[in-house]
Amino acid sequence: MSRIVRIPILPLKISNAHLLIGNGGCVLIDAGLPGSAPKVERALLKNGLSFRDITAIVVTHAHVDHAGCAAELREKTRAPIIAHEADLPYYKREKQMQFCPTGWAGRLFFKTPIPHESYAAFEPDVLLHDEETFDLSPYGVTGTVTHTPGHTKGSISVELGNREAMVGDLLASGIFIGGLLRTGHAIRPPFEDDPAAVRKELLRLVGLGFERFHVGHGGPVEAHEVRRHAERLI
């Protein structure tokens, strides 16, 4: 069973990365904003680990707060980056990311510099195609990377063997994407490309028996709350 360690990229759970620490390795879920490497290193050291213990880096989607430090962290860890081909033009910086705000928080966040911050281009070492899955067990963690589109076309999640899932930005929680209050209350993330696709993926995961969902903003969120949120999405 893997141990999940949250890495605060921004205060108040506003933006998170995660470490999956297994018996045979450590997988980083999301790379954070550019310049996040010291925060990742501090989390590793706190758990008796170093950059060399990271065996793989899973980037759930191409937004800067999830992919921004991927190139630097790959250089420091020598670990392969795993992502989905549908977001490849954004990882390679060939296209500008488009944003669909989901409400007042998204519109406010869109006006800040953060979503528009550039990051070093990179090409993932492992690219999932279409509905292809990827087994993380060779990297020391019991889990499967799956395509869960909706937040972006190339959004991916990690389904763990202990009925927990790392779903990136398929949903968020709390007051103003994290915050101090209602961190277990599911909300839409600041941006979302296709709510119908998100609804389908969240209900699929709940239907498969996943009980706890770890997210990029706020969380974690329990299955009954994920179902409530998903059923309200149109």
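**Backbone geometry in three loops**

Arg 163 lies in the loop that connects β9 (156-160) with β10 (164-166). In this predicted model, Arg 163 adopts a positive phi of about 70° although it is not a glycine. Leu 12 likewise has a positive phi, of about 65°, and the peptide bond from Gly 219 to Pro 220 is cis. As background, most residues other than glycine have a negative phi, and most peptide bonds are trans.

**Arg 163**
- The relative accessibility of Arg 163 is 49%.
- Because exposed requires over 50% and buried means under 20%, Arg 163 counts as partly exposed.

**Leu 12 and the β1–β2 hairpin**
- Leu 12 is located in the loop between β1 (3-10) and β2 (15-21).
- β1 and β2 form a hairpin with four residues between them, and Leu 12 belongs to the turn.
- The two strands, β1 and β2, run antiparallel and are joined by seven bridges.
- Leu 10 stands opposite Ser 15, a residue of β2.
- With a relative accessible area of 46%, Leu 12 is partly exposed.
- The phi of Leu 12 is positive although this residue is not a glycine.

**The cis bond at Pro 220**
- The omega of the peptide bond from Gly 219 to Pro 220 is near -5°.
- Pro 220 is found in the loop between β13 (212-214) and β14 (221-222).

Conventions: Residues are numbered from 1 along each chain as its sequence is written. This is a predicted model: local features need pLDDT of at least 70, side-chain atom pairs count only at pLDDT 80 or more; totals for chains, interfaces and linings use all residues. Side-chain values use heavy atoms; hydrogens and water are left out. Buried means under 20% relative accessible area, exposed over 50%, partly exposed in between (1.4 Å probe, protein chains only). Two strands pair if DSSP finds at least two bridges between them.
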